[in-house]
Amino acid sequence: MIVAPKTRQIFFKTYAVLALMIAIYHFLGIFYKFGEIPVWRHILFVFINLFCVYGVLKRPNYFFYFFCILCIQQYYSHGHYFIKLWAEKREIHWISVFEFFLLPIALICFIEDFKEKNYHKN
């Protein structure tokens with residue numbers, strides 16, 4: 001075990017709050033232009049992040065698989081944008097850096113939680 005169960009619970013609650021804040025950001029992005037992100041993507045990520053709030057708090061087994069796919073998508077999307085911004089403007093996209101740091105921690109917590117829940121089923 002890498003992350004203690006109590007620490008994981010704190011992290012999951014914190015992550016739920018962050019996902020809600022990101023949903024609010026994307027909701028505002030529907031009405032106000034933030035960078036190059038199209039409106040349809042903001043709408044999509046409002047729903048994805050609200051689903052993440054539910055998934056993080058309730059943690060049904062299927063959410064683990066959803067989160068793994070989301071991590072791949074986020075690394076691809078944010079990684080691509082991070083590299084593009086650095087190559088073109090020599091700027092660091094701090095939201096992407098935050099994603100690169102937070103997602104592996106979240107994934108480790110989800111893996112441990114998934115294993116623990118499924119171990120106790122047997």
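**Reading the core, a helix and a cavity**

Student: Which members of the largest nonpolar core touch the most other members?

Tutor: In soluble globular proteins, nonpolar side chains tend to be buried together. Here the largest nonpolar core has 22 residues, of which Phe11, Tyr15, Val56, Phe67 and Phe110 touch the most other members. Such a core is a set of buried Ala, Val, Leu, Ile, Met, Phe, Trp, Tyr and Cys residues joined through side-chain atoms within 4.5 Å. At least two of this core's residues come from each of α1, α2, α3 and α4, and α4 supplies the largest share, 6 residues. Helices are DSSP runs (H or I, at least four residues), numbered from the N terminus.

Student: What should I keep in mind about the model?

Tutor: It is predicted, so local features need pLDDT of at least 70 and side-chain atom pairs pLDDT 80 or more, while totals for chains, interfaces and linings use all residues. Residues are numbered from 1 along each chain as its sequence is written, and side-chain values use heavy atoms, without hydrogens or water.

Student: Which residues does Tyr15 contact, beyond its neighbours within four places in sequence?

Tutor: Contact means heavy atoms within 4.5 Å. With those neighbours set aside, Tyr15 meets Val56, Phe67, Leu102, Leu103 and Ala106. Val56 and Phe67 are also among the core members that touch the most others.

Student: Is Thr7 buried, partly exposed or exposed?

Tutor: Buried is under 20% relative accessible area, exposed over 50%, and partly exposed in between (1.4 Å probe, protein chains only). Thr7 has 44% relative accessibility, so it counts as partly exposed. Thr7 sits in helix α1, and its C-alpha atom is 9.2 Å from that of Cys109, 102 residues apart along the chain.

Student: Why does the span of α3 agree with what is expected?

Tutor: The expected span is 1.5 Å times one less than the number of residues. For the 29 residues of α3 that gives 42 Å, and the end C-alpha atoms are 42 Å apart, so the two agree. The buried residues of α3 are Phe63, Phe64, Phe67, Leu70, Cys71, Gln74, His78, Gly79 and Leu85. After α3 comes Arg90, with a positive phi near 55°.

Student: How many cavities of 30 Å³ or more are there?

Tutor: A cavity is a set of points on a 1 Å grid where a 1.4 Å probe fits but cannot get out; lining residues have an atom within 4 Å of a point. Its volume is the space filled by probe spheres set on the points, which are joined across faces, edges and corners. This structure holds 1 cavity of that kind, and the largest cavity contains about 50 Å³ of space. Its lining is Arg59, Pro60, Asn61, Phe63, Phe64, Phe110, Asp113, Phe114 and Lys117. Two or more lining residues come from each of α3 and α4, with α4 giving the most, 4 residues.

Methods
On a 1 Å grid over the protein atoms alone, a cavity is a set of points where a 1.4 Å probe fits but cannot get out, and a pocket is an open set with protein on both sides within 12 Å along at least five of seven lines; lining residues have an atom within 4 Å of a point.
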